[in-house]
Amino acid sequence: MAIEITEFLENIQRKNFRPFFILGDRKRKALGLLMLFLKNKISLNELFWMLKPVTKRPPGISLKRQKLINEDIESYLFKNKVLNKDKSLNLFGKHFYYINLEDALGSINQIIVNDEYNLKNFLKEDFVVFDIGSNIGVFACFAANLVKKGKVFAFEPVSFVFDFLKKNTIDYDNVECYKIGFGSKIEEKEILIRQWAPGDSTIQDSPIDRPHQSFDLKEKIEILTLDIFVKEKKLEKIDFIKIDVEGYEIEVLKGGIETIKNLRPILGISLHNPFFEKEIREIFDKEITKYEIKKSTKDPSDLLCLPK
């Protein structure tokens, strides 16, 4: 088994030099792309487009960009015995598979190493956790290791991403996966997908401003409400709900007001637009009540909602 990925990420951040594409900011990634050009792996025209924001790039350029970045990272990880022979990572002693290696490392670093939702402090071993917007399962696996006597419900609506979620959680007896999305009412929606970065998948009428031409796949998905799901499953206990659904967080909240009022879970909500914070606070103040809402000290783009 390869080196534990969380240990590798903790250690590499202490080094003065690391590969450009591992936990790299925009400037470091630009330097990495320049190196690819100097190695004749991309043309000058491709470099020009690859340096533009994802919303301005043709999908084909983004796909090639990510393929080259992943190959560069994989080469480094193999040399340092951080990848298994099947190109999986070692996460908590289990094989963890990825779609986009750069994004997977970033998510593991943010969610687990930096513990952006403060799970080590909030979760107890018998807690029931909802992971809404589970993607390939980084949060779900982290939570499952912390609630060994509890349960994690993981929700991911995009078909090929859900397949990775199932694969990554198959060895966890306390994780249940569901291929659905949540919103304010039962309906069918179209979701826009970037196959090279499916974590950016966005409901077509999401309030986030993401140009449709920057996506290259679409899929019809099933939307339920949190209240209906909880009622159908006859759940009487939910202790923590994480919501990260690329701009659809407010709709998820609207469909789960009764559940939150009755079961009083802690919530960790990602803010994909700072203007969403005001409406989220209004929902808690006017319809749910008796919650303290504050920004995460580890990531100011997350809101923590704590029952009083």
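Setting aside neighbours within four places in sequence, F240 is in contact (heavy atoms within 4.5 Å) with Y117, L119, F122, L123, V128, V129, F130, F139, P265, I266 and G268. The model is a predicted one, in which local features need pLDDT of at least 70 and side-chain atom pairs count only at pLDDT 80 or more, while totals for chains, interfaces and linings use all residues. Residues are numbered from 1 along each chain as its sequence is written, and side-chain values use heavy atoms, with hydrogens and water left out.

F240 sits in strand β10 (residues 240-243); helices (H or I, at least four residues) and strands (E, at least two) are DSSP runs, numbered from the N terminus. With a relative accessible area of 0%, F240 is buried, where buried means under 20% relative accessible area, exposed over 50%, and partly exposed in between (1.4 Å probe, protein chains only). From F240 to L226 the C-alpha to C-alpha distance is 13 Å, with the two positions 14 residues apart in sequence.

Helix α4 (residues 59-79) comes next. How far apart are the end C-alpha atoms of α4? They are 30 Å apart, which agrees with the 30 Å that its 21 residues should span at 1.5 Å a residue; the expected span is taken as 1.5 Å times one less than the number of residues. The buried residues of α4 are I61, S62, R65, Q66, L68, I69, N70, I73, E74 and L77. An α-helix has 3.6 residues a turn, so residues three or four places apart point the same way. The cover over the buried residues of α4 includes α1 (5-12), α2, α3 (44-50), β1 (89-91) and α5 (101-113). After α4 comes K81, with a positive phi near 60 degrees.

One of the residues just named in α4 also takes part in a charged pair. E74 forms a salt bridge with K87, the closest N and O atoms being 3.4 Å apart; a salt bridge here is a side-chain nitrogen of Lys or Arg within 4 Å of a carboxyl oxygen of Asp or Glu. Since K87 lies in the loop between α4 and β1 and E74 in helix α4, the pair ties together parts that are 13 residues apart in sequence. E74 is buried at 11% relative accessibility, whereas K87 is partly exposed at 40%.

How many salt bridges turn up in a search of the whole structure? The search finds 17. Side chains of opposite charge can pair when their charged atoms come close. Another of these bridges joins K298 and D115, with the closest N and O atoms 3.9 Å apart. K298 lies in the loop between β12 (291-295) and β13 (302-307) and D115 in the loop between α5 and α6 (119-122), so this pair ties together parts that are 183 residues apart in sequence. D115 is buried, with a relative accessible area of 4%, and K298 is partly exposed, at 43%. E187 and K189 form a further salt bridge, with their closest N and O atoms 3.9 Å apart. Here E187 is partly exposed, with a relative accessible area of 21%, and K189 is buried, at 14%. Elsewhere, E251, K254 and E279 are joined into one network by salt bridges that share partners.

Then there are the cysteines. A disulfide is a pair of cysteine sulfur atoms within 2.5 Å, and a search of the whole structure finds zero of them. C141 is in no disulfide, and its nearest cysteine sulfur, that of C177, is 8.6 Å away. Why is there no bond from C177 to C141? Because the two sulfurs are 8.6 Å apart, too far for a bond. Both residues are buried: C141 has a relative accessible area of 1% and C177 one of 16%.

N174 lies in the loop between α8 (159-169) and β5 (175-178). Is N174 buried or exposed? At 10% relative accessibility, N174 counts as buried. Not counting residues up to four places away in sequence, N174 touches A144, V147, K148, G150, K151 and V152.

Finally, the surface. L31, L34, M35 and L38 form a nonpolar patch there, with about 350 Å² of accessible area together. Patches are made of residues with over 30% relative accessible area and no salt bridge, like charges being joined within 9 Å and nonpolar side chains (Val, Leu, Ile, Met, Phe, Trp, Tyr) within 5 Å; accessible areas come from the Shrake-Rupley method with a 1.4 Å probe, and for residues only the protein chains shown count as cover. Within this patch, L34 belongs to helix α2 (residues 26-38) and is partly exposed, with a relative accessible area of 37%.
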